[in-house]
Amino acid sequence: METCYRGDTARAGWTHDSDLVDGNRTTEALLLEEITLPGGNYLTYNEDGKIVGCVYTLVNAEDNTCFVGSLCVHPTIQSQGLGKKLMTAAEDLARQAGCTKLCMKVLTTRTELIAWYEKLGFKYVGQNFPFPEGCGRPKIPLELGSWEKQLE
């Protein structure tokens, strides 16, 4: 995840936020917390025994929604369709769990990434949140916008 989002290695791809945020994207403790939440799961894609892509899903059975986050693909293999495959897998998981909607938060300054999510059917819902603590040090003021996709 760090390779995909931060530092010079991430700059080899198009989805990094290295120019916006310094520091680590996540911690082992946060990852452990996410996967131990009821309904929390990381879907991964492995190549040669190494994880080269992942997406986090958190199913909320009470309101039939699935939060999707931390989508990342190793910078050297981006733009080859793996991100879309991971998002399709997340949608499939959500549908199997009875969810009718995917939800996510995206940095509002990431216009290329937002355009990609819009191609996948996500729509901005008009709600923004402050940049979360513990996910690095913003170099500029940042906020996260809420996006949703209705599932059929």
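This is a short walk through the model, from its confidence and its sheet to one helix and two buried residues.

**Stop 1: colour by confidence**

Bear in mind that you are looking at a predicted model. Colour the chain by pLDDT to begin with: the average is 94, and 100% of the residues score at least 70. Now select helix 2, residues 7-10, which has the lowest mean pLDDT among the elements of the chain, at 86. Strand 8 has the highest, with a mean of 98.

**Stop 2: the sheet**

Next, show the strands as a cartoon. Six of them make up an open sheet with mixed pairing, and its order is 2-3-4-5-8-6. To find the edges, select strand 2 (40-47) and strand 6 (123-130), each of which pairs on one side only. Looking across this sheet, you will find neighbouring strands turned against each other by 25° on average, ignoring direction.

**Stop 3: strands 4 and 5**

Now pick strand 4 (residues 65-73) together with strand 5 (101-107). These two strands run parallel and are joined by three bridges. For a handy landmark, click on Phe67: its bridge partner in strand 5 is Cys103. How much of strand 5 is covered? Five of its seven residues are buried, so the strand is mostly covered.

**Stop 4: helix 5**

Keep the sheet in view and add helix 5, residues 111-119. The helix packs on the sheet, where it touches strand 4, strand 5 and strand 8, and its direction makes about 170° with that of strand 5.

Show side chains here. Which residues of helix 5 are buried? They are Leu113, Ile114 and Tyr117. Because these residues cover an arc of only 100° around the axis, they sit on the same side of helix 5. Their packing partners are strand 4, helix 4, strand 5 and strand 8 (143-150). Rotate to the face turned away from this buried side, and you will meet the exposed residues Thr111, Glu112 and Lys119.

Before moving on, step just past the end of helix 5 to Gly121, which takes a positive phi of about 105°.

**Stop 5: Thr65**

Go back to strand 4 and select Thr65. Is this residue buried or exposed? Thr65 counts as buried because its relative accessibility is 11%, and the cut-off for buried is under 20%. Draw a distance from its side chain to that of Asp63, and you should find a polar contact of 2.6 Å. Then display what surrounds Thr65: setting aside neighbours within four places in sequence, its contacts are Leu58, Val59, Asn60, Cys99, Lys101 and Cys103. You have already met Cys103, as the bridge partner of Phe67.

**Stop 6: Glu91**

For the last stop, move to helix 4 (residues 82-96) and select Glu91. With a relative accessible area of 11%, Glu91 is buried. Which residues does Glu91 touch, not counting those up to four places away in sequence? Look for Leu102, Lys149 and Leu151. Finish by linking the C-alpha atoms of Glu91 and Lys149: the two residues are 58 apart in sequence, and these atoms are 9.6 Å apart in space.

Technical notes: Residues numbered from 1 in each chain as written. Predicted model: local features only at pLDDT ≥ 70, side-chain atom pairs only at ≥ 80, totals over all residues. Heavy atoms only, no water. Helix = DSSP H or I, 4+ residues; strand = E, 2+ residues; numbered from the N terminus. Buried < 20%, exposed > 50% of the residue type's maximum accessible area, 1.4 Å probe, protein only. Polar contact = N/O pair within 3.5 Å; in protein donor to acceptor, adjacent residues only side chain to side chain. Contact = heavy atoms within 4.5 Å. Arc of directions from axis to C-beta. pLDDT = per-residue confidence, 0-100. Pairing = 2+ DSSP bridges. Axes fitted to C-alpha atoms, helices over the stretch in contact; angles between N-to-C directions.
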